[in-house]
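Subject: Handing over the structure

Hello,

Here is the structure I promised to pass on to you. Please open it alongside this message, and I will walk you through what turned up.

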Amino acid sequence: MDSVLKDLIAAIADSRIEVIDLTAPLSEKTPIIQLPPPFANTRRFELTQISHYDERGPAWYWNDIATGEHVGTHLDAPIHWITGREQSDVSQIPAQQLIAPAVVIDKSRECANNPDYLLEVSDIEAWQREHGPLPDGGWLLYRTGWDARAGDQHRFLNADDSGPHTPGISVACARWLAEVARVIGVGVETVGTDAGKAHSFDPAFPCHAYLLGAGKYGLTQLANLARVPPTGAILIAGPLPIVHGSGSPARVLALIER
Ligand code: MN
């Protein structure tokens, strides 16, 4: 008897489908965004031990966790931004949208030479001439090589006296992705979906303003995008359904056909 799910599990078991973890490990060392005064900042991820096979719990080990919603590999829900304030919180995202096709645009070479590199509509149009249209209802994943810096907060944020210098997306391209492209969201390797210098753009933080305002999503601090082909992957993103949450740390997996 034919069964799509049986075929899928068999293909995963014999590696015809590879499962790639796009999630950064979550610990007290996970880099966090640093906003300048007077803005408030997120807390780090922290574990507090409850018991460890000891008098507090002789046969069991467990911890409390404390974390910001926007720590490590995480999903931005539309309600995160003022432009999306009437839209979904992270618990309201339809489960069906958490499994979707994904494509990868690789600008890691450009970003190695220019940490302030901005993705433009022309870059995506050139990509589409080679690979076809962006996936309807899917993700655009933007590879910059920045995941190689994720073990070091200083290198990851790459800030100097003029502020952070990390790659992002131009104002026009963010608007195009929100209003024209049929994607459900954008995934990046950096600490946020916007460029380090996007505080100075008009509007400020255009990825957040346009995409979340359009009811779309962001995925940040992705790892291992180098292993995902330009087309053909399926992305599984699992944010916690935090009621009224503006986002959540997420396990993000890519399924790749070999
Ligand atoms: Mn975020």
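**Helix 5 and its surroundings**

Helix 5, residues 171-179, has these buried residues: Cys 173, Ala 174, Trp 176, Leu 177 and Ala 178. Before going further, please keep in mind that this is a predicted model. The buried residues of helix 5 pack against two helices, helix 3 (121-131) and helix 6, and against strand 6 (118-119), strand 7 (139-143), strand 10 and strand 11 (185-188).

**His 165**

Next, have a look at the loop between strand 9 (163-164) and strand 10 (168-169), where you will find His 165. His 165 has a relative accessibility of 15%, and it counts as buried because the cut-off is under 20%. Its side chain makes a polar contact with the side chain of Asp 116, at 2.9 Å. The side chain of His 165 also reaches the backbone oxygen of Gly 163, at 3.4 Å. Leaving aside residues up to four places away in sequence, His 165 touches Pro 115, Asp 116, Trp 146, Leu 157, Asn 158 and Asp 160.

**The manganese ion**

The model has a manganese ion, and its protein donors are His 70 through ND1, His 74 through NE2 and Asp 76 through OD. These donors lie 2.1 to 2.3 Å from the ion. Along the chain they follow the spacing H-x3-H-x1-D, which should help you pick them out in the sequence. How buried are two of them, His 74 and Asp 76? His 74 has a relative accessible area of 2% and is buried. Asp 76 is buried as well, with a relative accessible area of 2%.

**The cavity**

Finally, there is one cavity of 30 Å³ or more in the structure. The space in this largest cavity is about 30 Å³. Two elements give two or more residues to its lining: helix 6 (206-213) and strand 12 (217-220). Helix 6 gives the most, with three residues. The residues lining the largest cavity are Val 186, Thr 193, Cys 207, Leu 211, Leu 212, Tyr 217 and Gly 218. By class, five of the lining residues are nonpolar and two are polar, with no charged residues. You have already met helix 6 above, as one of the elements that the buried residues of helix 5 pack against.

I hope this gives you a good start. Enjoy exploring!

Best wishes

Methods. Residues are numbered from 1 along each chain as its sequence is written. This is a predicted model: local features need pLDDT of at least 70, side-chain atom pairs count only at pLDDT 80 or more; totals for chains, interfaces and linings use all residues. Side-chain values use heavy atoms; hydrogens and water are left out. Donors are N, O and S atoms within 2.8 Å of the metal (3.2 Å for Na, K and Ca); water is not among the atoms, so sites may look incomplete. Buried means under 20% relative accessible area, exposed over 50%, partly exposed in between (1.4 Å probe, protein chains only). On a 1 Å grid over the protein atoms alone, a cavity is a set of points where a 1.4 Å probe fits but cannot get out, and a pocket is an open set with protein on both sides within 12 Å along at least five of seven lines; lining residues have an atom within 4 Å of a point. Grid points are joined across faces, edges and corners, and a volume is the space filled by probe spheres set on the points. Helices (H or I, at least four residues) and strands (E, at least two) are DSSP runs, numbered from the N terminus. Ala, Val, Leu, Ile, Met, Phe, Trp, Tyr, Cys and Pro count as nonpolar, Asp, Glu, Lys and Arg as charged, and the others, Gly among them, as polar. A polar contact is a pair of N or O atoms within 3.5 Å; within protein, one must be able to donate a hydrogen and the other to accept it, and residues adjacent in sequence count only if both atoms are side-chain atoms. Contact means heavy atoms within 4.5 Å.
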